[in-house]
Amino acid sequence: MNYEAKLQNVTVLGAAGKMGSGILLLTAVEMADLQLKPENNSKNFALNAIDVSPAALTGLYGFLKTQVRKIAEKKVGLLRSVYKDNKNLIENGEIIDQYIDDVLKIVHTSTSIESAYDSGLIFEAIIENSDLKVKLIKQILANNNNDPWFFTNTSSVPINELDTDANINGKILGFHFYNPPAVQKLVELIVTKNTNKELIDFAHEYAKKLRKIIVPSNDKAGFIGNGHFMRDILFGIKQAESLMNEMSFTEAIYAVNKVSQDFMIRPMGIFQLMDYVGLDVCQKIMFVMKPRLNEPDLQSKLIDKLNDLNVKGGQNSDGSQKAGILSYEKGKVVAVYDPEKKDYVKIDDFKDKVDKMLGSLPTTHQPWKSVIGNKGKDKVLTEYFNELKGMDTLGAKLTRDYVTNSKNIGLKLVSDKVTDKEDHVNTVMLTGFFHAYGPINNYFNK
Amino acid sequence: MKRKIYMTAGYNTISLGTGRKEFHPKKPRPGIEHYIKEAGQGTLKMINGAKNVDEGVVGNFIASRFVKQAHLGAFMPMIDDGLRYKPSLRVEGACASGGLSLISGIKSVLSESADVVLSLGVEVQNSVKAIYGADILAGAGWFQDRKDGHAYFFPGQFSNRAGAYYEKYGRDKARKAFAIWYKNAIENARLCPTAQEYDNKTVDLEKVGLTEPNPRSFTDHLNVFDCSKVSDGASAIAILSEEGLKKVGVPKSEAVEVVGFSLKVDNLTEQPEDSTKLSTAQLAAQEALKNAGITINDVATIEVHDCFTVAGILMVEALGLAKPGEGADFVIEGNTSRKGKFPMNTTGGLIGWGHPTGGTGVHQAVTIWEQLTGKAGEAQIEIPSDRPYGMTVNMGGDDKTIVAIIYKKTS
């Protein structure tokens, strides 16, 4: 396998999407770094950014420019040596600008699938709809004479299904980035018995160059990440519903969101994370997982209802959070959606009351931000959960249930053979979801 | 000297940048005119207004690139209407621009063309990210050397000096001395409310100072704590003749006398002959002391140009306080701390107080004025009666422009 040759003409399908644009960015930078090697001077590297939305493709250049600048600023020392023979490039600013140009030059946007017909490698990052994925792959296969490889970013559809349905003959694997791809370290790698070995070798090298951590997942719908996340959401909804004897729907959503963030020392509460990913995306993932895993419970009436009401979350083009089950001002949660009223209820109206019902945080509590970077975090967390274990408040009880359930989900992923190792589950949650601790832990044993 | 020269009415704005509570990289900040105005008005207030001022001078390195503003001399009348139509100019000598502002004022008074000069130094540098600021500051070196220089050009230059010093005199000793220098700087800054590191709460400063340099993220031989930070700020002081002092109504006891000075410049297009020495600084210091008719042992406190910790150590040697290679020991032994025999940079210096490049030379003079007149507040040190002198050494570029000044207590 020739790593460089495979990267000379690449396509990203769904390039203007949240995941696609991140994959495009990282791949463009990697390709530009190859292009800038003196021995590749005469070669022509091309990265096709294909998406259905012309408007989104236009916005893509702005995104790339900003992001490549950030990357260039961090490696300007290296870039100075890359451009050492160009006498016109003297200052850091000039070198950074040139690098941005050199990366952007590689990217060609298009709304037409035909642009993928010359590519040797295709990243698929379209919506979670297996029929559409199969259709596009088939169309490319029928017209592309370069023996193309497919790296799909699907977070739920089994790879062997795509392989069989699109008749790819093992030239496909799952290469699942986490959101946002430029930041999260994790890539879930999913191969099938049929996957060509060359693809696997390439995937490892490519991940290494991008400084990503690979966690292998077995080829079961949802894989490790969504295998945990979707069930974690469903538990959150169930927990909220169980609270509705003592409080309203919006209060319960607020309470569980607070428990799953502050009490559990996570970067976001479960409902904020659901909004971040998008309620439509969550719904699609559950649609994929439910029949394939034969688990009727992998569906949520609430999520379906909110989608019907066009309450979907996701992000605006500037990266800011759109309102979903929660609404936001400057990134902070300010209100909860009430599907009965079809309107948002301000949390200020009930926050004090619900906070009081939950009870105060343990005295040893530290916010996620300070725990995540703490080298001695195990000790901090052990002490914290020990204190929480002995507390009789509603907040502590909900936390214990949530943490225990999260662990059970992790153990189920192992017993269901989604992964062979408990460690893999923990690594996925630590590096793909930025959790401060893995779900399979012993904080509540003894 | 032909006439007696005094300085009084020193004023510093805060040194704004990372570390200050007021600093938010993404929020709007005061512009350069704010700093000029605040510092200028601060001094004018202490000398009974602008009417007595004969001339103004602004030291500034490179506002034309940092904030796209040139013609700084013409900002003087903005400070006070009373300065309209009076002479005012801007002087530049890289990070010694503040020192040149002082020299310019001293010379005007000496030449009897002025009795009162308002000397100012200013720089606003947080307008660009550090990686682009490095391009701008590289202008203090020869532009033809830029292409082959480090991304962080000046840290690269002084990293080379540190590397040479390690090789010649031992790395462990040198790194320990750098760490102690850093510790002294921060501890002194904590005593000065305008200092950039005033709020620094680090417990083990020496340990932080000993952080191993990382060539991948910064330079080969220096870590980020070895470097002064990016700062916005201004300082101002009045330079006066004896008549001038009378005119503004400030008693002599509130002023310091300038008893010696030296300005030395070396060829910008040449690399230093010996990287372990600040030869120009040495010559300037010697000349200033000679002009004052004293030796370094008569000086109670010194403000040296520690843009990098290594520069601090080399300054100690250039001043003749230690033999080559023994500046590190001198610092380790505590001689330069506020409790040592030669307290240096008693409000933090460039590393602790901050380094708004064009302002630094004037800031040094303000600190010495404060110390010799008992106005240094919490940072006040004792000035022994048999050593009533203070000294400043301000450096532009890599030992290229040096301003050394000797100040004497008046009462």
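In the predicted model, the interface between the two chains brings eight residues of chain A into contact with eight residues of chain B. On the chain A side, α4 (76-82) and α5 (92-106) are the elements that supply two or more residues. The greatest contribution comes from α4(A), which gives three residues. By character, the chain A residues that touch chain B comprise two nonpolar, three polar and three charged residues.

Chain A also contains an open, three-stranded sheet with antiparallel pairing, in the order β9-β10-β11. The edges are formed by β9 (326-329) and β11 (343-346) of chain A; each has a single partner strand, so one side of each lacks a neighbour in the sheet. On average, neighbouring strands of this sheet are turned by 40 degrees against each other, direction ignored. Four bridges join β9(A) to β10 (residues 332-338) of chain A in the antiparallel sense. Within this pairing, A:Leu326 has A:Val336 of β10(A) as its bridge partner. Helix α10 (residues 249-263) of chain A packs on the sheet and touches β9, β10 and β11 of chain A. The direction of this helix makes about 140 degrees with that of β10(A).

A further site in chain A is A:Ser115, located in the loop between β3 (107-110) and β4 (121-124). A:Ser115 is classed as partly exposed because 18 C-beta neighbours lie inside 10 Å. Beyond residues up to four places away in sequence, A:Ser115 touches A:Thr11, A:Asn48, A:Ile50, A:His108 and A:Ser110. A:Ile50 is 65 residues from A:Ser115 along the chain, yet the C-alpha atoms of the two residues are separated by 7.5 Å.

Note on methods:
Residues are numbered from 1 along each chain as its sequence is written. Chains are lettered from A and ligands numbered from 1 in the order in which they are written. This is a predicted model: local features need pLDDT of at least 70, side-chain atom pairs count only at pLDDT 80 or more; totals for chains, interfaces and linings use all residues. A residue is buried if 20 or more other C-beta atoms lie within 10 Å of its own, exposed if 12 or fewer, and partly exposed in between; C-beta atoms are placed from the backbone. Two residues are in contact if their C-beta atoms, placed from the backbone, lie within 7 Å. Ala, Val, Leu, Ile, Met, Phe, Trp, Tyr, Cys and Pro count as nonpolar, Asp, Glu, Lys and Arg as charged, and the others, Gly among them, as polar. Two strands pair if DSSP finds at least two bridges between them. Axes are lines fitted to C-alpha atoms, for helices over the stretch in contact, and angles run from 0 to 180 degrees between N-to-C directions.
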